[in-house]
Amino acid sequence: MNRVREILEWYVEAGVDVLLDEKPIDRFSEPPPPPRQPASRKSPEQFLAQRETTPGGSTGKNPTQTPTTNSPAGSATIPDAAAIDQARELAGSAGTIEELREILSTFEGCNLKRTAKSLVFADGNPEARVMLVGEAPGRDEDLQGLPFVGRSGQLLDRMLAAIGLDRTGVYISNVLPWRPPGNRTPTPQETEICRPFIERHVELAKPKFLVLLGGSSAKTMLKTSDGIMKLRGRWNSVTTQQITVPALPTLHPAYLLRQPAHKALAWRDLLNLKQRLG
Ligand code: URA
């Protein structure tokens, strides 16, 4: 019995904290779910079909293109440059934040969707002057379908309160809208296929200021390989296809839970934001 307990504890430590079923399920051999796209909008499948005939698409002859491992329907997909272009086209077709949510909810181009329970799109006030961007949902966020509702979210709420803000005064989203299984680090491919959506999200929300929570968010949004300790506390800017927004990278609340001594640095960053907000 003790052995079973040890094995279960080992699983939990490794991040396997949710049992999906009593028997293992091979998600990669399942057929894809039926499209739930409104008739008027191009479905991801239509985009993919178009790609087959587009020069430079995965079946095109563009030699500079990233190699692709796109495999038969239902199996794992590694997005190539053309898939990312199409995700960008799809994201760009959203005229409102609600449309973007709709589009993401039917987007099948990211493998993370297959293991996640929910689409974690956003929380807070989309009209707020400040938009916070985290890395990816964790277990609690996946269960509730909202960003930053677990332990790190509670710390984030306290950090915001310290400068007089709450979720009615900020808008919150993540680079990735689906939880990576076991909270593993997202792959660069998963990040790149989701990038067009968070960039479009920023364009549609039009925040005056972005706060990038943690190294992963800061590196992705600022397109840099610099570490968070170098980036944090210095105003930078996020440039999408349509806008440029001042952006302040800071430490991720989950990191602060593990390294409370660094809360002083985050506090400095928050004061910096407060001053900028006037
Ligand atoms: N960590 C994140 O980066 N985002 C969340 O939504 C929760 C935890």
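Here are five short exercises on the fold and the inner spaces of this protein chain, each with a worked solution.

This is a predicted model, in which local features need pLDDT of at least 70, side-chain atom pairs count only at pLDDT 80 or more, and totals for chains, interfaces and linings use all residues. Residues are numbered from 1 along each chain as its sequence is written, and side-chain values use heavy atoms, with hydrogens and water left out.

**Exercise 1. The overview**

Task: find how many helices and strands the protein chain has, and what share of its residues is buried.

Solution:
- Step one is the element count: the chain holds 12 helices and 6 strands. Helices (H or I, at least four residues) and strands (E, at least two) are DSSP runs, numbered from the N terminus.
- Next comes burial: 43% of the 278 residues count as buried. Buried means under 20% relative accessible area, exposed means over 50%, and partly exposed lies in between, using a 1.4 Å probe and protein chains only.
- Last come the contacts, meaning heavy atoms within 4.5 Å. Among contacts with a separation of 6 or more, 69% are between residues 24 or more positions apart.

**Exercise 2. The sheet**

Task: work out the order of the strands in the sheet, and which strands stand at its edges.

Solution:
- Start with the rule for pairing: two strands pair if DSSP finds at least two bridges between them.
- Reading across, the order is β1-β3-β2-β4-β6-β5, in an open sheet of 6 strands with mixed pairing.
- The edges belong to β1 (123-124) and β5 (236-239); each has a single partner strand, so one side of each is left without a neighbour in the sheet.
- Helix α12 (residues 263-277) packs on the sheet and touches β2, β4 and β6 (244-250). The direction of α12 makes about 155° with that of β6; axes are lines fitted to C-alpha atoms, for helices over the stretch in contact, and angles run from 0 to 180 degrees between N-to-C directions.
- Now follow the pairs. β1 and β3 are antiparallel, with 2 bridges, and Asp123 has Ile172 in β3 as its bridge partner.
- β2 and β3 run parallel and are joined by 5 bridges; here Gly134 stands opposite Asn174 of β3.
- β2 (residues 130-134) also pairs with β4 (residues 209-213) in the parallel sense, over 4 bridges. Val130 has Phe209 in β4 as its bridge partner.

**Exercise 3. One strand up close**

Task: decide which residues of β3 point one way and which the other, and how many are buried.

Solution:
- One way point Val170, Ile172 and Asn174; the other way point Tyr171 and Ser173.
- Counting the buried ones gives 5 of the 5 residues, so β3 is largely enclosed by the rest of the structure.

**Exercise 4. The cavities**

Task: list the cavities of 30 Å³ or more, and describe what lines the largest and the second largest.

Solution:
- First, the rule. On a 1 Å grid over the protein atoms alone, a cavity is a set of points where a 1.4 Å probe fits but cannot get out; lining residues have an atom within 4 Å of a point. Grid points are joined across faces, edges and corners, and a volume is the space filled by probe spheres set on the points.
- The count is 3 cavities of 30 Å³ or more.
- The largest holds about 50 Å³. Its lining includes Leu104, Phe121, Asn174 and His201. Two or more residues each come from β3 (170-174) and α8 (188-205), and α8 has the largest share, with 3 residues.
- By class, the lining of the largest cavity has 6 nonpolar, 3 polar and no charged residues. Ala, Val, Leu, Ile, Met, Phe, Trp, Tyr, Cys and Pro count as nonpolar, Asp, Glu, Lys and Arg as charged, and the others, Gly among them, as polar.
- The second largest cavity has about 40 Å³, and Leu132, Met159, Val211 and Leu273 are among its lining residues. α7 (151-162), β4 and α12 each supply at least two residues, with α7 giving the most, 3 residues.
- That lining is made of 8 nonpolar, 1 polar and no charged residues.

**Exercise 5. Positive phi in the loops**

Task: find where Asn183 and Lys206 lie, and whether each is exposed or partly exposed.

Solution:
- Background: most residues other than glycine have a negative phi.
- Asn183 has a positive phi near 60° and lies in the loop between β3 and α8. With 44% relative accessibility, Asn183 is partly exposed.
- Lys206 has a positive phi of about 45° and sits in the loop between α8 and β4. With 57% relative accessibility, Lys206 is exposed.

Terms used:
1 Å grid on protein atoms, 1.4 Å probe; cavity = no way out; pocket = protein on both sides within 12 Å on 5 of 7 lines; lining within 4 Å.
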